[in-house]
Structures are given as structure tokens and as C-alpha cells.
Amino acid sequence: PPPPLFQEVYFKNLSKQKQKEVMEKNGNNHKLRVCVATCNRADYSKLAPIMFGIKAEPQFFELDVVVLGSHLIDDYGNTYRMIEQDDFDIHTRLHTIVRGEDEAAMVESVGLALVKLPDVLNRLKPDIMIVHGDRFDALALATSAALMNIRILHIEGGEVSGTIDDSIRHAITKLAHYHVCCTRSAEQHLIAMCEDHDRILLAGCPSYDKLLSAKNKDYMSIIRMWLGDDVKTRDYIVALQHPVTTDIKHSIKMFELTLDALISFNKRTLVLFPNVDAGDKEMVRVMRKKGIEHHPNFRAVKHVPFDQFIQLVAHAGCMIGNSSCGVREVGAFGTPVINLGTRQTGRETGENVLHVRDADTQDKILHALQLQFGKQYPCSKIYGDGNAVPRILKFLKSIDLKEPLQKKFCFPPVKDNISQDIDHILETQSALAVDLGGTNLRVAIVSMKGEIVKKYTQLNPKTYEDRLELILRMCVEAASEAVNVNCRILGVGISTGGRVNPREGIVLHSTKLIQEWSSVDLRTPVSDALHLPVWVDNDGNCAALAERKFGHGKGIENFVTLITGTGIGGGIVHQHELIHGSSFCAAELGHIVVSLDGPECLCGSQGCIEAYASGIALQREAKKLHDEDLLLVEGMSMKKEEVVSAAHLIQAAKLGNTKADSILRTAGTALGLGVVNILHTMNPSLVILSGVLASHYVNAVKDVINRQALSSVKTVDVVVSNLADPALLGAASLVLDYTTRRIY
């Protein structure tokens, strides 16, 4: 049965009263009779979670299972048995595959299915048929149901690949009455194809409901069973390649080159037999010609149960081939993938996928293996967040059988391209933002528009272990709360002090304000815990990104952000891109030296801007005045236990304390000189002062520019940031700006 989460999420979103209304709407508590037709091992992995969900709610649904296609062929493992093992009653078995090795065999198979299906559908009389994907068998199912006035729910419509599958998928879309899609792009494609927006559900891929809870199970016994007792995790390859029916000869040649490259690479490899398609037999002959079934490094199999296949790809050193599984499901584990040829062209992919479009030489494929094997990428949730089945069940219950069966197409102008769930409530694309400060640790849910939907704050622990544990706990809590506030989390952005390698997500060296925080891999534990991609960067860089997306820097090609707070930091945006530098040390603006014999800085040098203008520097000077009884003036008072701070110095200056005012003017001049150096080096068109001290320094900085800068840079705009929380907004923008898909 499905995990309890299905029931929990469903009942959270749909009250018992509404359930009753849905049943009454369809008349006399009529149960929805659902026919699920499965054609092969791949579509069953997507349909099985839905079938479990339907079976778990017999008060709402009656389930009929029809099996056809390659499920019933011995050469492909008789995979109908796994349906029986899952305790589903198979109502009908239809032998529909015409054996052959060319395109004509596929056409004849569609024809045979069209001949046999009407009798089955007449007997079952389903209210709705669920059809998955883009296989020729699925086209026969959709055609039969549409002509027999049976409502069709199509799973995974709107996606783009690169073969005849595209045409079949879109043809099924036009026949289907309801659509469940996996990604926002797929949803937009369906809308562009004039499908009714109210009949489209952006649910995610049903298989992800299983994938995202699978990795921590016992897996070594599965790996040993399929690959041998001596195989270690991350030290084997899974290969799955199918013929491309629009270019069979080239795909056979590419498969031959792939096997040659795998033999040369000399790693234990599990090779799965291809799909039933024109050219599949020729691919099997290539395997046998090269002795793959008897090679000591290879294990060739017709079928692996999906539960076990999940574990195999989750812990593989690499997956290679042209299966949609590689570009879709495998991303959930961050396993490296090499996608060969054009079969998946147009699919959205995570950064774990390396595309070899023209796999025309063995060396090219071998080089790709050398680049990818053994890497570990952030987990990707492009195709689902683990809650697809509850959404689909809710969608099914909302179907009104009294509505006219005839489809309506929404020709341009289309509706606003906002993704809605079945209750038409906006599910906001959002990010989890983490800010690691010297004092506090903060986590927030931030929307695409920069709204902080929910914020959590805790004191930043002093030790590495406690800090990491708290980060994970707060992120998990926030991710759970995101469901309640109707936010869809795209990833996690982390802003932290110190020098950061954003490519690897590692804090290289920390500031003295954060203890035990050097050589820390932040990306891996957070990504593993949340199954989300994670970005990490320095707090100054994050402030600049916040300005670029939400603040004064929006649309500005070249600008600099200076943070004036406990320390002095910043970020530089040049030609719309953030500058990190060769060793990730760019924009350490607080350590620009403005005096050779100035006060000592925390970095160990002298005369840095930070030694003059930071909150710590002002606090140091305030304490000196206070110790000499020169700080307090009329109108000021301090409690005995109160700690002297920079705020007291600023207050004293405002109340006429000339010594305090002199210190602030010196600090402002030092900051201004640093800005002049930046202007002469980077020549930005805008300087943004951010942080609690920005408003106190802005006029002093402008004065120094007018006195000291070259005339060609004096026209620069100097403004105070209007962002209330640049660190969190910058961390969020790491996610919101970079959740585009990488293609190599």
C-alpha cells in the first residue's frame, strides 16, 4: 500500500465535507471506475504509485487493470508478473505486439491493439482511462477510448524529447480530456497547444513519490545480486539504450560505439535490453556479437524490478544511454548521467546530465565517461517533489461526469500562464534562503517576487556539529511549512561569511565571527536531507545578487554593493554577472587598505576600510571614549550592565559630541576612499550602500568622491539600499536566478 503521506496530504487539502460533495455531484455516491492500462516496464513505474493510491481508497474508486504490449513477451522478462507481485488483479491481458524489426511492425502492433481493445472497453465500461506517456501502444489506447466516448487522463503530456515519441505524445494530448504534467514547462506547452487550463494539473512525476523515499533503504544486497559480490557503490555503470525509430541505422551504430567505450573503460556494467521498438533486435545482436552476455565486466538483463532499479541507479558511478529515466528519475539522486544522441533532445535536465549529442566516435563517449564517472551532483527535483499522487487523486475526485464529454480547446489568447492546483490557488515558486551570521542563523521561505513568506531565527551555535544540525532541522521545518503556505520550493540558497567556493558549495575559510567554519561542505548534507539543489555563496556576493534581482541593481549592467555592518563586505556585478575571482576572493572590499599606518584589522593587516568603518571598529572607538568618560553627553544615559556599541557613538555624535562626530567622519572618509579606489578599478555606474550603517555614511562617501575621484567617474550614483533583508533575499536569488537547466 502507499505510504501514509498520501492520505495525510490528501485529507489536509480536501475536507470530508468536500469529499462528500464530490461523490454526490456524480450521483448516488457513484464510485469512479478507473481503467489503468500499462504497456511496458517503464510506464508501470509511473502508473503503479497512482494505482496504489486508487486501490487504497475503495470508497471513491473501482480499479480495473489492463495489461498489453511488451509486458507479455518472454524476451522482455514477462514483466506482467511484477504487477501481480504488487497484488493487483489483472482484468485483461492483450497480446498486441507484432514481432518484427522495422517500422511496419510497430504500425501493425497499433492496428492489432485497436482491433482487440473495443471488446475490453465495452465490458469494463470505465468512467475514465489513465494513459501514460508517448509509446505507440499508448496511442492505440487513447484512440480507442476517445472513439468510444471514454474520458482520458493523460500522464506526462506536454514534454519534449527528440523522436517520433514527441508526435505520439502530442497526438495523445489532443485526444485526452484531462492532463497531468510533471514540469512547469510541460504545463506551458499544453496551454500553448490550446488545452483547457482548468483541466491541466501540474502534479510532478508519480515515480518521484517513491524515488524520494528510496535511497536510504538497504541496497548492497541488490547491487551484489545484479552485479556481483565484489562491486562497491559508485564503482559501476548502468547502461540503458533504445533504438531511435526515426534513424535506426545511426542509433545501432551509436550503441556499438557505446559498448566499445564501456569495454575500454573497464568498469562493471549492468546493461538492460532495449524497448520493443523498430531496431531493438539489431541492438540485441550487437550485444551478442561483442560477447556482452559472457564478458566478465558486464551483466546483461531483460528487466530489473523498479524498486531494485532505483537502488542500482541511486548508487551507480554513472548511468549512460538515451533512456528518459536518465534525464528524469536519476536526477533525484544526483547520479552522473551521460545522455547519448537525440532521443531526449528538449527534455529538462538537472546539472547531473552531460549531453553527447553527436556520439559518433568511441573516444567521445569514452571521454564523457572519464568526465562523469564517480561524481556526485546535487539532487534535483525538476520532475517532482514527492506529492504527485495525492494531487492526482484529488484531481480525479473533482471530475464531474455530468459535464459534456466533448473537449473544448482554448485558442489564443490563452489564459495567464500561472500554474494552479485543482482549487485554483496559486502554488508559488519559492526558495529556501539561509543566512549564517555571526550572531543569528536565519531560514526563510522567499517567493519569486522577493516576499519573505515565513522566517525562522535561532542563535548561531558555536560548534560545527551543532550548527549543521540546526541548519538541517530549520530547513526541514521550513520545507514542511512551505506546503501549508502553498509554496513550491525550487532549491536552497545559503549566504555565509568568509571565502566560499560556490561551484562546490564549500566554505573555504570563515571570518573570525563564525567559529569552526572552514573547509565545510554545505551543499552535500543539505541536498541529501531535502532532495533539493543547493547553492552557497559569500554574504557580500549574496547582497549584490539581492540588489540585482530585487533592488537598485535591477537592470544595471555594472554596479558594486558595499555592506556596512558588523564587518565590511560587498559584491561586484560586471556585465550583469557576479565576479568571484580566480580563488573566490574577489570583492573583499572591506580589506582595501586606505592607510599604511591605520588601526589593526581583524584580518591581521593595518588600515583596512573595515578597521575604520565597520560596526566592530566603531564599537572599539566608542569603548575608548567611554573608558575616558568622553562618550556620554547631555540627553544620553546607559545602564550599568549595558554594553557600549556603535549605536552609542552615533547617538553621541547626533547630540553634539565632537569627538564622536570626528570618529564617524574619519570612518566615512575611509569608506569613501575605498569607494574611490573601486571606481578607479571597476568603473561601475552605481554604488549601493547596504547594512545598518549605510545611511550614516552615504553623504560622507559622496563628499570624498567629489574631492578625490577622477572627473570621469564622479557621475556615479551612490544610493542606500532599500532592501530590508539583503542576505536572505540574496540567498534566495541564488536559487531563483539559477534554477534554469544546464546543457553541455
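This report looks at model confidence, one helix and two loop asparagines in a predicted model.

## How confident is the model?

Overall, the mean pLDDT of the protein is 88, with 92% of its residues at 70 or more. Two stretches fall below that. Over residues 1-18 the pLDDT drops below 50, though this stretch still makes 27 contacts in the model beyond near neighbours in sequence. Residues 740-744 also have pLDDT below 50, and here the model shows twelve contacts beyond near neighbours in sequence.

## Helix H19

H19 covers residues 539-550, and its length checks out: twelve residues at 1.5 Å a residue should span 16 Å, and the end C-alpha atoms are indeed 16 Å apart. At the N-terminal end, Asn 538 acts as a cap, with a side-chain oxygen 2.7 Å from the backbone nitrogen of Gly 540.

Most of this helix is covered, since eleven of its twelve residues count as buried. Gly 540 itself is among the buried ones, and so are charged-looking names on the list such as Glu 547, Arg 548 and Lys 549. Leu 545 and Phe 550 are buried as well.

## Two asparagines with positive phi

Most residues other than glycine have a negative phi. Asn 149 goes the other way, with phi near 60 degrees. You'll find Asn 149 in the loop between helix H6 (136-147) and strand E5 (151-155). Its relative accessibility is 57%, so Asn 149 counts as exposed.

Asn 683 also has a positive phi, near 50 degrees. This residue sits in the loop that links helix H23 (658-682) and strand E25 (686-690).

Note on methods:
Residues are numbered from 1 along each chain as its sequence is written. This is a predicted model: local features need pLDDT of at least 70, side-chain atom pairs count only at pLDDT 80 or more; totals for chains, interfaces and linings use all residues. Side-chain values use heavy atoms; hydrogens and water are left out. Helices (H or I, at least four residues) and strands (E, at least two) are DSSP runs, numbered from the N terminus. The expected span of a helix is 1.5 Å times one less than its number of residues. Buried means under 20% relative accessible area, exposed over 50%, partly exposed in between (1.4 Å probe, protein chains only). A polar contact is a pair of N or O atoms within 3.5 Å; within protein, one must be able to donate a hydrogen and the other to accept it, and residues adjacent in sequence count only if both atoms are side-chain atoms. pLDDT is the predictor's confidence in each residue, from 0 to 100. Contact means heavy atoms within 4.5 Å.
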